[in-house]
Amino acid sequence: MNLNVSIARNALLRASKSQWLASQMTQRAFARRAVKRFMPGESLGDALGAASTLEKGGIGSLVTRLGETLTGESNTDEVRDHYISALGEIQRKGLSTVISIKPTQLGLDTSVAECVRQTSAIAAAAESRGSFIWVDMEDSSYVDRTLDLYEQLKSRFPKTGLAMQAYLYRTPKDVERLMPLKPIIRLVKGAYAEPAAVAFPAKKDTDAQYVAVGETLLNAAREGNALPIFGTHDMNIVHRLVGRAKSLGLTKEQYEVHMLYGIRSAEQRSLASDGVGVRCLISYGSNWFPWYMRRLAERPANVWFVVKSTFS
Ligand SMILES: Cc1cc2nc3c(=O)[nH]c(=O)nc-3n(C[C@H](O)[C@H](O)[C@H](O)COP(=O)(O)OP(=O)(O)OC[C@H]3O[C@@H](n4cnc5c(N)ncnc54)[C@H](O)[C@@H]3O)c2cc1C
């Protein structure tokens, strides 16, 4: 990453934490127009409408409601109930869409036990419909607690997946720790501003660790001991790992590629038509500011889309 891009990335990630900017931006028409590039709309109905279109084209989906770090019990109850009713809505519409949750929306800041309690209610509702639940990974201060949460959930609800971040030095050890559970892992590069004490500052090191952990997971998948999901738009890495999966003789059910709504859409279609299992993660909700800043930070050139939307 060159110095200018790295400065822009850090500035955008710092801005993502500003409450003031969040309240300003979410009210501005130009920002709401710009965010449409990554999000079909703020309601669950908007997300499921997009999911239905994707599914007709052979691409599955995951949905997630934006918002992070909720603490009050009534708030976390509301999030839990929302996801349980979303599962009902997905079933009514006959979609294969699954849900992805953020542990801090469900009480992780209060305690792991509280988060297990709230998330288990959603996982049980998903299980009763034969569906999955995905757990996102947030910043590095939450990794220990999220692994504890995952271990408890996965042992009770086998169809539970966890995002793990290739930019963290610790991730290969964490993957090893989860192996006895036959984990379902969505490997991502990592979206937060992390210090060099915990994460690779250089993108090339993150990419190398991504490939190494990805190969470990594919080898485990061959023995039926893991289900790897590659959550990245890095087509070099995707082609390399898909090639490796094929050479190991893995079927469509033994690994998948997941991408974000609005990013690399043509490549998503091309992978799906090539027989690879592809899902697209669709976000919705009014609390989109920090998440949107992280998307801009991944590719600071995206800021030009905001500028263009301001004047269109
Ligand atoms: C399904 C899914 C779930 C995720 N869950 C989590 C999670 O739980 N925790 C977490 O920390 N992170 C999560 N992420 C985000 C992830 O960590 C990265 O920040 C994000 O995917 C960008 O990195 P990349 O792997 O695409 O690689 P990069 O090397 O950043 O990008 C590769 C190429 O993809 C394109 N691209 C990437 N991002 C964008 C963008 N925003 N706009 C336009 N083009 C872009 C560019 O052409 C770029 O050159 C998730 C990502 C996906 C796809």
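A crossing of two helices is called left-handed if the near helix is turned anticlockwise from the far one by less than a right angle, and right-handed if clockwise. The model on the screen is a predicted one, in which local features need pLDDT of at least 70 and side-chain atom pairs count only at pLDDT 80 or more, while totals for chains, interfaces and linings use all residues. Residues are numbered from 1 along each chain as its sequence is written, and side-chain values use heavy atoms, with hydrogens and water left out.

**Helices α7 and α8**

Select α7 (residues 143-156) together with α8 (171-178); helices (H or I, at least four residues) and strands (E, at least two) are DSSP runs, numbered from the N terminus. The crossing of this pair, α7 with α8, is right-handed. Their axes come within 11 Å and cross at roughly 20 degrees, where an axis is a line fitted to C-alpha atoms, for helices over the stretch in contact, and angles run from 0 to 180 degrees between N-to-C directions. Helices α7 and α8 are therefore roughly parallel, a term for angles under 35 degrees, with those over 145 counted as roughly antiparallel, 65 to 115 as roughly perpendicular and the rest as oblique. To display the contact (heavy atoms within 4.5 Å), show Val143, Leu147, Asp148, Tyr150 and Glu151 of α7 with Asp174, Arg177 and Leu178 of α8. By class, the contact of α7 with α8 has 4 nonpolar, no polar and 4 charged residues; Ala, Val, Leu, Ile, Met, Phe, Trp, Tyr, Cys and Pro count as nonpolar, Asp, Glu, Lys and Arg as charged, and the others, Gly among them, as polar.

**Helices α6 and α7**

Keep α7 on display and add helix α6 (residues 112-128), which packs against α7 at an angle of about 35 degrees with the axes 10 Å apart. Here too the term is right-handed, for the way in which α6 passes α7. On the α6 side, select Val112, Cys115, Val116, Thr119, Ser120 and Glu127, which meet Arg145, Asp148, Leu149, Gln152, Leu153 and Arg156 in α7. The residues of this contact of α6 with α7 divide into 5 nonpolar, 3 polar and 4 charged. Asp148 appears in the contact with α6 and also in the contact with α8.

**Helices α9 and α10**

Next, select α9 (203-222) and helix α10 (residues 235-247), whose axes come within 10 Å and cross at roughly 20 degrees. That angle makes α9 roughly parallel to α10, and α9 passes α10 in a right-handed crossing. Asp207, Tyr210, Val211, Gly214, Glu215, Leu218 and Asn219 in α9 meet Ile237, Arg240, Leu241, Arg244 and Ala245 in α10, and the residues of this contact of α9 with α10 divide into 6 nonpolar, 2 polar and 4 charged.

**Aromatic pairs**

The structure holds 2 aromatic pairs; rings of Phe, Tyr and Trp (its six-membered ring) pair if their centres lie within 6.5 Å, and planes under 30 degrees apart count as stacked, over 60 as edge-to-face and the rest as tilted. Select Tyr169 and Phe200, whose rings have their centres 4.9 Å apart and their planes at 90 degrees, so the pair is edge-to-face. This pair links distant parts of the chain, 31 residues apart, with Tyr169 in the loop between β4 (160-165) and α8, and Phe200 in the loop between β5 (184-188) and α9. Tyr169, with a relative accessible area of 34%, is partly exposed, as is Phe200 at 22%; buried means under 20% relative accessible area, exposed over 50%, and partly exposed in between (1.4 Å probe, protein chains only).

Then move to Tyr210 and Phe230, whose rings have their centres 6.4 Å apart and their planes at 50 degrees, so the pair is tilted. Tyr210 lies in helix α9 and Phe230 in strand β6 (residues 227-231), so the pair ties together parts that are 20 residues apart in sequence. Both Tyr210 and Phe230 are buried.

**Loop residues**

Now select Lys182, in the loop between α8 and β5, where phi is near 50 degrees, a positive value in a residue other than glycine; Lys182 is partly exposed, with a relative accessible area of 46%. Arg264, in the loop between β7 (256-260) and α11 (265-273), has a positive phi of about 55 degrees although it is not a glycine, and counts as partly exposed at 39% relative accessibility.

Finish in the loop between α1 (3-15) and α2 (19-25), where Lys17 is found and counts as exposed at 66% relative accessibility. Ser18 has its place in the loop between α1 and α2 as well, and lies 8.3 Å from Pro290 in space, C-alpha to C-alpha, with their positions 272 residues apart in sequence.
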